[in-house]
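Grab a pencil and work through these exercises with the model open beside you. Try each task before you read its solution.

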Amino acid sequence: MSEFDLIQRHLTGLGSARNDVIVDVGDDCALLQVPADRELAVSIDTLVSGVHFLPETDPEGLGHKSLAVGLSDLAAVGAEPAWATLALSLPEPDETWLQTFARGFADLARHEDVRLVGGDLTRGPLCISVQVHGFVPRGHALRRSGAQPGDLVCVSGALGDAGLALQHVQRGEPLGDYLRQRLERPTPRVALGEVLRGVATAAIDLSDGLASDLGHILTASGYGARIQLDHLPLADQVAGEVAASNDWALPLMAGDDYELCFTIPKSHLAELKVLAAAAGCPLTQIGEIESRPGLRWMTADGHQWHSERTGYDHFAA
């Protein structure tokens, strides 16, 4: 099939019908309408075969994940998802692969009320770039730079699941349903981002690991933090790995969790359960912002745990 046949058959009309889409796939540009009382949030992510996923990864899960990672960025600023564009390069015009990929993409797009409004399809190494667009009420976007001393550091969900799943895959070990889901089909915390507007002082999504991503909040805000390791929310498999190795690197430095890390004033601590219920995911307070710079990991017995490692960096030695 030709490039244009593939686009027409598999990538046209994906996602939800939206009144703010004037023209989508088929013209040189999409024509879109931003509500007057909203700011436009935009983010782009690229997934490269052999770097972000193995070539044999289930294409339906890959379609889901390629959109989910961008939606996670929108969640981190409290934005409501609206549109997406997709740039996809394929080694061969594999219609079965593309159909399955599009199904995973479309299912999540419909669930989050997103419309695919354009993109590009080319021949080349398997590579997927998705740009997402969302709306946030004017002046109410969450930022990385608002944390203040005394604020509580919180996270959604559980940490280290995707990192443990990847270790199993790399060692050729079987994956249970829970870990596979966490690696291949992460849940973007869109609802959480929206309920945190006006409550959180700073937020970020956990794509490169807690150590790295929380570090970005601290750098942007100009403060430090103390984190209680025994407060980290861990699934049983991850907790077992940590206990066996006495090494906290898995929940702290492994990426791909796509949870949210955020800070709230202490006065909002009692609201955490209400926020969790509204967002439909567990929330855990794990530490506190401090005036003293640096990120300190504290064990249950009051000692500081040290590591030279940080989160994932594409260009680190």
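Two strands count as paired if DSSP finds at least two bridges between them. Keep in mind that this is a predicted model.

**Exercise 1.** Work out which residue in β6 is the bridge partner of T46, and how many bridges join β3 to β6.

*Solution.* Start with the strands: β3 covers 38-48, and β6 covers residues 127-137. Now look across from T46: its bridge partner in β6 is S129. Eleven bridges join these two strands, which run antiparallel.

Next, zoom out to the sheet. Four strands make it up, in the order β3-β6-β4-β5, and the sheet is open with mixed pairing. At its edges sit β3 and β5 (115-123), each pairing on one side only. From one strand to the next, the twist averages 15°.

Finally, add the helices. Helix α1 (residues 3-11) packs on the sheet and touches β4 (80-90) and β5, with its direction at about 150° to that of β5. Helix α2 (residues 59-76) also packs on the sheet, touching β3, β4 and β6, and makes about 35° with the direction of β6.

**Exercise 2.** Find the bridge partner of V153 in β11, then do the same for I227.

*Solution.* First take β7 (residues 152-156), which pairs with β11 (residues 283-290) in the antiparallel sense over five bridges. Here V153 partners G287. Then take β9 (residues 224-228), which is antiparallel to β11 over four bridges. In that pairing, I227 has G287 as its partner.

**Exercise 3.** Decide how α4 lies relative to α5: roughly parallel, roughly antiparallel, roughly perpendicular or oblique?

*Solution.* Helix α4 (residues 161-170) packs against α5 (residues 177-184) at about 105°, with the axes 8 Å apart. Angles of 65 to 115 degrees count as roughly perpendicular, so α4 is roughly perpendicular to α5. The contact residues divide into eight nonpolar, one polar and two charged. Among those meeting here are L164 and H168 from α4, and Y178 and R182 from α5.

**Exercise 4.** Which residues have the most contacts inside the largest nonpolar core?

*Solution.* This core has 35 residues, and the ones you're after are L210, L214, L232, L252, C261 and W297. Helix α7 (residues 210-221) gives the largest share, five residues. Now follow L252: leaving aside neighbours within four places in sequence, its contacts include L210, L232, W297 and W305. Don't stop there, though: a second, separate core of 34 residues includes A41, A68, L71 and L98. As a general rule, nonpolar side chains in soluble globular proteins tend to be buried together.

Definitions and conventions. Residues numbered from 1 in each chain as written. Predicted model: local features only at pLDDT ≥ 70, side-chain atom pairs only at ≥ 80, totals over all residues. Heavy atoms only, no water. Core = buried A, V, L, I, M, F, W, Y, C linked by side-chain atoms within 4.5 Å. Buried < 20%, exposed > 50% of the residue type's maximum accessible area, 1.4 Å probe, protein only. Contact = heavy atoms within 4.5 Å. Axes fitted to C-alpha atoms, helices over the stretch in contact; angles between N-to-C directions. Parallel < 35°, antiparallel > 145°, perpendicular 65-115°, else oblique. Nonpolar A, V, L, I, M, F, W, Y, C, P; charged D, E, K, R; others polar.
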